[in-house]
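Please consult the sequence and the three-dimensional view together. The paragraphs that follow begin with confidence and then turn to the overall make-up and to two sheets.

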Amino acid sequence: MCHNPMTRTKQTCKKSTGGSAKRITVDYAPLLDFDTSTGVDLNSELTIMMEETVSDEETGGDEVEETDGMDQMVACEAQSGHNEWCIVCRDGSAGSEFLYLCDLCPRTMCSRCVNIPVAHADAVNCDDVKFTCISCHLAAQDPRAEETHTTYFGFYKNNLPVLPTFLPIRGALEISLQSQISSMPVVLIHLRLVDFETSGGPFDLMYRFLSPYFPHGGIASHEIVFDVGSKSKSNRYQVQVRELVHDLMAQRHWPRIVFAISNHTDDDLGDPFLGYERKSGKTKSYVGGRVDSFLDIILTPWQPLIKSAKDSYLWFLSCGALVNNEESFSALQTAVLHHHITATICFNAIRFQPNFAAPLLLAFAELVMTECLPIREVFPDMLMQSYKLGRHTDVFLLMTNAGPALDITRFAWTHCKERPWGHHLPLQCPQCGWANSWHSANYKKTYSFECMNSKCRKGYFFSPPKNSVILSHARKSGSCWIAVGVKVNLLG
């Protein structure tokens with residue numbers, strides 16, 4: 001009888017980011033103006049470069065997906081500037097139904113959610129009648145002062161109610177008073193390293209979530225595959241992007257732009273991968289570059305869109321070496337300021353898996369993109385839906401302020417036994433090898449753990465990080481998120 005003495009094994013695909021890549025410096029310079037109809041720069045030196053024959057590996061970048069609803073854009077939203085969705089039921093209107101436009105804000109309320117008496121239906125639709133939505137009415141009240149509370153009539157003429165009695169509302173507000181249900185135009189840009197597989201990734205999921213809120217256009221999504229590991233390839237990437245930017249700006253003004261970069265970073269240096277370096281024969285290997293140099297290549301051609309936008313966001317979907325390496329994190333901070341990015345989100349997991357960030361991206365889509373709430377204020381609410389992400393990684397939020405200045409916050413998920421004060425408690429005692437065998441105690445907010453093995457007694461102590469704040473509204477049964485201020489450290 002034959003017995004197989006080997007342990008059973010198998011291989012599958014990897015979902016995590018990270019790896020190793022030789023650091024190089026690309027001889028990069030922003031291109032001069034070029035003719036977007038031909039893609040040829042007006043500078044003679046670049047014209048010669050563009051006429052050279054290039055191998056398949058010298059692609060620079062390929063646009064693999066484009067989704068734009070502008071062809072169906074109608075004039076109503078552009079003219080009124082109002083939301084296309086009722087603030088109460090969060091739905092639209094069609095047929096005999098319609099939306100009442102608030103005269104104090106961009107919000108709307110639909111004819112299903114306000115019960116207008118039939119006898120006064122014509123009166124409320126007169127030209128000199130002003131409508132105030134329930135959110136604006138409530139915002140004028142102080143919840144603690146009864147004298148500020150007034151009856152809601154909704155429709156007013158010369159500051160007097162049109163209706164003889166209060167305006168009944170069918171339903172209840174399901175979102176905060178500060179929220180809207182907005183269709184403010186947004187362009188989503190996914191920048192993906194060549195041969196980096198992201199099918200069904202969280203950024204695609206966010207686009208699918210947002211699309212129904214733009215029934216008449218105003219949302220565009222583009223995915224660009226980049227390979228910028230040489231000067232010629234980076235030049236081709238610039239030409240491709242600048243043509244796309246020209247087309248987008250010809251369509252309309254985009255007040256919001258969201259970037260996601262799906263990439264690997266070098267495990268030691270934190271360098272983002274640039275693309276392939278061609279070696280002898282057909283052998284290819286990735287090369288990387290310091291993050292500020294990488295972002296100069298990747299983001300510079302998008303600057304016309306970034307500078308014209310009210311808000312710009314950057315999601316760095318790559319492994320934690322980007323943040324954990326001090327030089328790399330300093331270079332990232334410097335680049336964020338240089339490129340005028342409003343908010344940057346990155347992660348510190350050594351083997352970061354982008355799909356785990358899906359709940360956070362969906363919360364961002366709902367609270368920041370749809371409800372138009374400031375990301376700094378609602379980030380704790382975004383984290384409430386992402387405690388499983390907290391088991392995997394800390395989350396860093398870099399905010400650019402006027403000045404310009406930078407504020408950095410690290411958000412860590414804490415659990416009294418699994419991640420005390422955001423630290424990872426070893427699953428296995430590193431001294432004796434016993435697994436999940438810890439005695440725990442808590443004294444004055446300091447957690448102590450000791451190995452149960454009487455011959456070992458290896459111990460750990462965990463105290464709250466300096467300048468940490470417990471996010472009370474981000475609690476979940478024995479766990480919570482904490483916010484820790486991070487000192488800004490720009491490159492000299």
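Within the protein chain of this predicted model, confidence reaches its lowest mean, 35, in helix α1 (residues 44–50), and its highest, 97, in strand β16 (residues 343–347). Two stretches call for particular caution in reading. Residues 9–13 have a pLDDT below 50, and in the model this stretch makes 0 contacts beyond near neighbours in sequence. Residues 34–59 likewise have a pLDDT below 50, but here the model shows 43 contacts beyond near neighbours in sequence. Averaged over the protein chain, the pLDDT is 83, and 83% of the residues score at least 70.

The overall make-up may be considered next. The protein chain contains 12 helices and 23 strands. Of its 492 residues, 49% are buried, a class that comprises residues under 20% relative accessible area. The area that the protein chain exposes is about 24,700 Å², and 51% of this is supplied by carbon and sulfur atoms. When contacts between residues at least 6 apart in sequence are examined, 70% of them prove to join residues at least 24 apart.

Two sheets can now be traced in the view. One is an open sheet of 3 strands, arranged in the order β7-β8-β9 with antiparallel pairing. Its edge strands, β7 (130–131) and β9 (160–161), each pair on one side only. Strand β8 (residues 155–157) is joined to β9 in the antiparallel sense by 2 bridges. At the level of individual residues, Tyr 156 has Pro 161 in β9 as its bridge partner.

The other sheet is also open and antiparallel, with 3 strands in the order β19-β20-β21. Why is one side of β19 and of β21 left without a neighbour in the sheet? Both β19 (438–443) and β21 (459–462) stand at the edges, and each has a single partner strand, so one side of each lacks a neighbour in the sheet. Ignoring direction, neighbouring strands of this sheet are turned against each other by 15° on average. The pairing of β19 with strand β20 (residues 446–451) is antiparallel and extends over 6 bridges. Across this pairing, Asn 442 stands opposite Tyr 447 in β20.

Terms used
Residues numbered from 1 in each chain as written. Predicted model: local features only at pLDDT ≥ 70, side-chain atom pairs only at ≥ 80, totals over all residues. Heavy atoms only, no water. pLDDT = per-residue confidence, 0-100. Helix = DSSP H or I, 4+ residues; strand = E, 2+ residues; numbered from the N terminus. Contact = heavy atoms within 4.5 Å. Pairing = 2+ DSSP bridges. Axes fitted to C-alpha atoms, helices over the stretch in contact; angles between N-to-C directions. Buried < 20%, exposed > 50% of the residue type's maximum accessible area, 1.4 Å probe, protein only. Areas by Shrake-Rupley, 256 points an atom, 1.4 Å probe, with all protein chains shown as cover.
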